[in-house]
Amino acid sequence: MKALILNNKVVDVKENEFEVAPTMSWVDCDNTVKAGFSYDGSTFTSNEPTAEEIAEAQAKVKASADLKASAKAKLVAGEALTEDEANTIVI
């Protein structure tokens, strides 16, 4: 595989190289490299989130949704909200 590099970023990955502008260059890569990866002259770095980062983001979204649901339930029941719950509904 070949990665097409422009300004230290992979802009394309192809089986075979073709003629490109002088500001671009082809570099050998394996089949895990994708457009958007960074290239420092010797190493490709993924721009994709890790499984841990994805899990952390999903946990934050769930916690926020749970907090909003709790605030709504307390409002409907006429109960006092915690400060965090109140912050979810303040505009």
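## Valine 27 and its surroundings

Valine 27 counts as buried because its relative accessibility is 16%, below the 20% cut-off. In this predicted model, the residue sits in strand 3, which spans residues 25-28. Neighbours up to four places away in sequence aside, valine 27 touches Met1, Lys2, Ala3, Ile5, Tyr39 and Phe44. Asparagine 7 is 20 residues from valine 27 along the chain, and the C-alpha atoms of the two are separated by 13 Å.

## The largest nonpolar core

Valine 27 is also a member of the largest nonpolar core, which has nine residues in all. The other members are Ala3, Ile5, Val10, Val13, Cys29, Val33, Phe37 and Tyr39. Two elements give two or more residues to this core: strand 1 (2-6) and strand 2 (9-14).

Valine 13, another core member, is in contact with Met1, Lys2, Ala3, Cys29, Val33, Lys34 and Ala35, leaving aside neighbours within four places in sequence. Among these contacts of valine 13 are Ala3, Cys29 and Val33, which belong to the core as well. Ala3 is likewise one of the residues touched by valine 27.

## Aromatic pairs

The structure has two aromatic pairs. In one, the ring centres of phenylalanine 18 and tryptophan 26 are 5.0 Å apart and the planes stand at 75°, so the pair is edge-to-face; the cut-off for that class is over 60 degrees. Phenylalanine 18 is partly exposed, with a relative accessible area of 43%, whereas tryptophan 26 counts as buried at 16%.

The other pair joins tyrosine 39 and phenylalanine 44, with 4.5 Å from centre to centre and 35° between the planes, and is tilted. Tyrosine 39 is buried, with a relative accessible area of 12%, and is listed in the nonpolar core. Phenylalanine 44 has a relative accessible area of 22% and is therefore partly exposed. Both tyrosine 39 and phenylalanine 44 touch valine 27.

## Salt bridges

Seven salt bridges are found in the whole structure. In one of them, the side chains of glutamate 17 and lysine 2 meet with an N to O distance of 3.3 Å. Glutamate 17 lies in the loop between strand 2 and strand 3, and lysine 2 lies in strand 1, so this pair ties together parts that are 15 residues apart in sequence. Glutamate 17 is partly exposed, with a relative accessible area of 46%. Lys2 and Glu17 are linked with Asp28 in a network of salt bridges. Lys2 also appears among the contacts of valine 27 and among those of valine 13.

Aspartate 12 and lysine 14 form a salt bridge through their side chains at 3.9 Å, N to O; the limit for such a pair is 4 Å. Both partners are partly exposed, aspartate 12 with a relative accessible area of 24% and lysine 14 at 35%.

A further salt bridge joins lysine 60 to glutamate 56, where the closest N and O atoms are 3.7 Å apart. The two residues are four residues apart in helix 1, so about one helical turn separates them. Lysine 60 counts as exposed at 55% relative accessibility, while glutamate 56 counts as partly exposed at 45%.

## The helices

Helix 1 covers residues 51-77. Its 27 residues reach 39 Å from the first C-alpha to the last, close to the 39 Å expected at 1.5 Å a residue. Glycine 78 follows helix 1 and has a positive phi, near 75°.

Helix 2 takes in residues 83-89, glutamate 85 among them. Glutamate 85 counts as buried because its relative accessibility is 3%. Not counting residues up to four places away in sequence, glutamate 85 touches Leu67, Ser70, Ala71, Lys74 and Ala80. Of these contacts, Leu67, Ser70, Ala71 and Lys74 fall within the 51-77 range of helix 1.

## Confidence of the model

The pLDDT averages 94 over the chain, and 99% of the residues score at least 70. Among the elements, strand 1 has the highest mean pLDDT, 98, and helix 2 the lowest, 89. Strand 1 is one of the elements that give two or more residues to the core, and helix 2 is the element that holds glutamate 85.

Notes: Residues are numbered from 1 along each chain as its sequence is written. This is a predicted model: local features need pLDDT of at least 70, side-chain atom pairs count only at pLDDT 80 or more; totals for chains, interfaces and linings use all residues. Side-chain values use heavy atoms; hydrogens and water are left out. Buried means under 20% relative accessible area, exposed over 50%, partly exposed in between (1.4 Å probe, protein chains only). Contact means heavy atoms within 4.5 Å. A nonpolar core is a set of buried Ala, Val, Leu, Ile, Met, Phe, Trp, Tyr and Cys residues joined through side-chain atoms within 4.5 Å. Rings of Phe, Tyr and Trp (its six-membered ring) pair if their centres lie within 6.5 Å; planes under 30 degrees apart count as stacked, over 60 as edge-to-face and the rest as tilted. The expected span of a helix is 1.5 Å times one less than its number of residues. pLDDT is the predictor's confidence in each residue, from 0 to 100.
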